[in-house]
Amino acid sequence: MNSDTTGSGTSPIATMKVKDTSIDMPVRSGTIGPDVIDVGKLYKESGCFNYDPGFTSTANCSSKITYIDGDKGILLHGGYPIGQLAEQSNFIEVCYLLLNGELPTQTQYTEFEEAITRHTMVHEQMSRFFTGFRRDAHPMAIMCGVVGALSAFYHDSTDINDPEQRTIAARRLIAKMPTIAAMAYKYSAGQPFIYPRNDLDYTSNFLQMCFAVPCEPYTVDPVIARALDRIFILHADHEQNASTSTVRLAGSSGANPFACIAAGIACLWGPAHGGANEAALNMLTEIGSVERIPEYVKKAKDKTSGFRLMGFGHRVYKNYDPRATVMQKTCHEVLDSLGIRDEPLLAVAMELERIALEDEYFVEKKLYPNIDFYSGITLRAIGFPVEMFTVLFAVARTVGWVAQWKEMIEDPEQRIGRPRQLYIGNEPRELVAREKRG
Ligand code: ACO
């Protein structure tokens, strides 16, 4: 089998030779980034499937939302570089951008922020759900259950064919996710739930729902609120990653948006994805001191150890993760603002980063720190326990999931996602009665 891409004016084709058959397949170009070969008719014309475990060379959709160039370390939302959005915008504005493709005007911003603010409360009956969980339940387990249960409460926004209902569902999810996340945290801490406050911005409100208690006033630290808002921006969307693809796949069957986002949360929980910030902080704690770093670097290079440097490497970035640069700066800002001068884990992190970036193994495999490397230290300094790290990621990523879900539903090319397989099981055989099986 061989393939050859040839230009033919505006519509290039790729020719693939399978056994004796030559198949011409259209090559489609995006705005920027690699072209794609449309292999849709490959099976029909050759009887072969495309085999690509982990989808390393497979585009599953066309999208206008986010662009990543992993080799150059570029991440754009709606064309805007992530660094500029993190420095000059805020999370609500980025939400609007991801959902609508453009940054809002002042009027649009005011309307959108107001709509999100007005949807932050959850149905009062939902609070009873929490008491069904053990106090020591992982908050991601609670998130999977409670977010999925939203579809049992908000029937008026589950018709995916109604654009108005899609918009309301999107806004509800963005608005209610912090409330549910804060409730999951409060439940684990044995503290009463704190209602949202509509006079606060999105991130400040989340902080007060997590850290306020009814018996004393709570003042939001603006430096911490800005840092968390930036963390939310950095995690808002990341193209067709595992959890987003899960949401798209779940949604492709016509499932309601709340159920789809619950599926995304389940996928995000894994340590190779959103769970990595928790795993990275646990690893830094386990290393404990700069002197022990070489031992762990050696272990990470030993394939038989099963150990990886958490917070290093990325499926797409083969260069510095542009979010990690902003995250490192944010980490320093938070520690300075809180007066934490000698955070031992920061010293371990910085030295580990230095050593790994010089080590032949990591250099050759293009393993750079990813966003999770510094986010754990920052979130812990803000006051969140490690179990909440992935939950915060889910709060931020909800807008990305919802925007991608909406884009998929509105895409005329959308079909149910149904991958095929290379079957390696038994050939057809006759069933033998149980008593006669040897
Ligand atoms: N430490 C040591 N070696 C590593 C690491 C690591 N963190 N990451 C990858 N490698 C090695 C692999 O052993 C492999 O080596 P080989 O080619 O000799 O077999 C090679 O680098 C490529 O690794 P793959 O697992 O094939 O790369 P893939 O793209 O499938 O995985 C992933 C990417 C899952 C992120 C991986 O780098 C990893 O496990 N990192 C640690 C977990 C982590 O930080 N995840 C966060 C991702 S970012 C996010 O979700 C926001």
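Which residue places a polar side-chain atom 2.9 Å from a nitrogen atom of the ligand? The residue is Tyr361, and the views below are taken from a predicted model.

**View 1. The surroundings of the ligand include polar side chains such as that of Tyr361.** The ligand is surrounded by 20 residues. The closest of these are Arg308, Leu309, Gly311, Arg315 and Lys365. An N or O atom in the side chain of Arg308 lies 2.8 Å from an oxygen atom of the ligand. In the side chain of His273, an N or O atom is 3.1 Å from a ligand oxygen atom. Tyr361 contributes a polar side-chain atom at 2.9 Å, and its partner in the ligand is a nitrogen atom.

**View 2. Strands E2 and E3 form a hairpin with two residues between the strands.** Strand E2 covers residues 13-18 and strand E3 covers residues 21-28. The two strands pair in the antiparallel sense over six bridges. Within this pairing, Ile13 has Pro26 of E3 as its bridge partner. At the hairpin, Lys19 adopts a positive phi near 50°. The side chains of E2 alternate between two faces. Ala14, Met16 and Val18 point to one face and are buried, while Ile13, Thr15 and Lys17 point to the other face and are not buried.

**View 3. Three strands make up an open sheet in the order E5-E6-E7.** The pairing in this sheet is antiparallel. Strand E5 (66-69) and strand E7 (80-81) are the edge strands, each pairing on one side only. Strand E6 comprises residues 74-77 and pairs with E7 over two bridges. Pro81 in E7 is the bridge partner of Leu76.

**View 4. Tyr43 and Phe49 form a stacked aromatic pair.** The model contains 18 aromatic pairs. For Tyr43 and Phe49, the distance is 4.6 Å centre to centre, with 25° between the planes. The angle between the planes is under 30 degrees, so the pair counts as stacked. Tyr43 is partly exposed, with a relative accessible area of 43%. Phe49 likewise counts as partly exposed, at 33% relative accessibility.

**View 5. Tyr154 and Phe258 form a tilted pair.** The ring centres of Tyr154 and Phe258 are 6.3 Å apart and the planes stand at 45°, so the pair is tilted. This pair links distant parts of the chain, its two residues being 104 residues apart. Tyr154 lies in the loop between helix H6 (139-149) and helix H7 (163-189), and Phe258 belongs to helix H11 (residues 257-268). Both Tyr154 and Phe258 are buried.

**View 6. Ring pairs join several aromatic residues into a cluster, and two charged residues lie over rings elsewhere in the chain.** The cluster is made up of Phe91, Tyr185, Tyr202, Phe206, Phe211, Phe232 and Phe384. Arg135 lies over the face of Tyr187, 4.1 Å from the ring centre. Lys299 is positioned over the face of Phe307, at 4.8 Å from the ring centre.

**View 7. Cys95 takes part in no disulfide.** The count of disulfides in the model is zero. For Cys95, the nearest cysteine sulfur belongs to Cys210 and is 17 Å away. A disulfide would require the sulfur atoms to be within 2.5 Å, which is why Cys95 and Cys210 do not form one. Cys95 is buried, with a relative accessible area of 0%. Cys48, at 19% relative accessibility, also counts as buried, because the limit for that class is under 20%.

**View 8. Gly274 and Asn241 are buried residues located in loops.** Gly274 occupies the loop between H11 and helix H12 (276-287). Its relative accessibility is 0%, so Gly274 counts as buried. The C-alpha atoms of Gly274 and Thr390 are separated by 5.5 Å, although these residues are 116 residues apart along the chain. Asn241 is found in the loop between helix H9 (222-235) and helix H10 (242-252). Asn241 has a relative accessible area of 13% and is therefore buried. A polar atom of the Asn241 side chain lies 3.1 Å from the backbone oxygen of His238.

Note on methods. Residues are numbered from 1 along each chain as its sequence is written. This is a predicted model: local features need pLDDT of at least 70, side-chain atom pairs count only at pLDDT 80 or more; totals for chains, interfaces and linings use all residues. Side-chain values use heavy atoms; hydrogens and water are left out. Two strands pair if DSSP finds at least two bridges between them. Helices (H or I, at least four residues) and strands (E, at least two) are DSSP runs, numbered from the N terminus. Buried means under 20% relative accessible area, exposed over 50%, partly exposed in between (1.4 Å probe, protein chains only). Rings of Phe, Tyr and Trp (its six-membered ring) pair if their centres lie within 6.5 Å; planes under 30 degrees apart count as stacked, over 60 as edge-to-face and the rest as tilted. A charge sits over a ring if NZ of Lys or CZ of Arg is within 6 Å of the ring centre and within 35 degrees of the ring normal. A residue is near a molecule or strand if one of its heavy atoms lies within 4 Å of it. A polar contact is a pair of N or O atoms within 3.5 Å; within protein, one must be able to donate a hydrogen and the other to accept it, and residues adjacent in sequence count only if both atoms are side-chain atoms.
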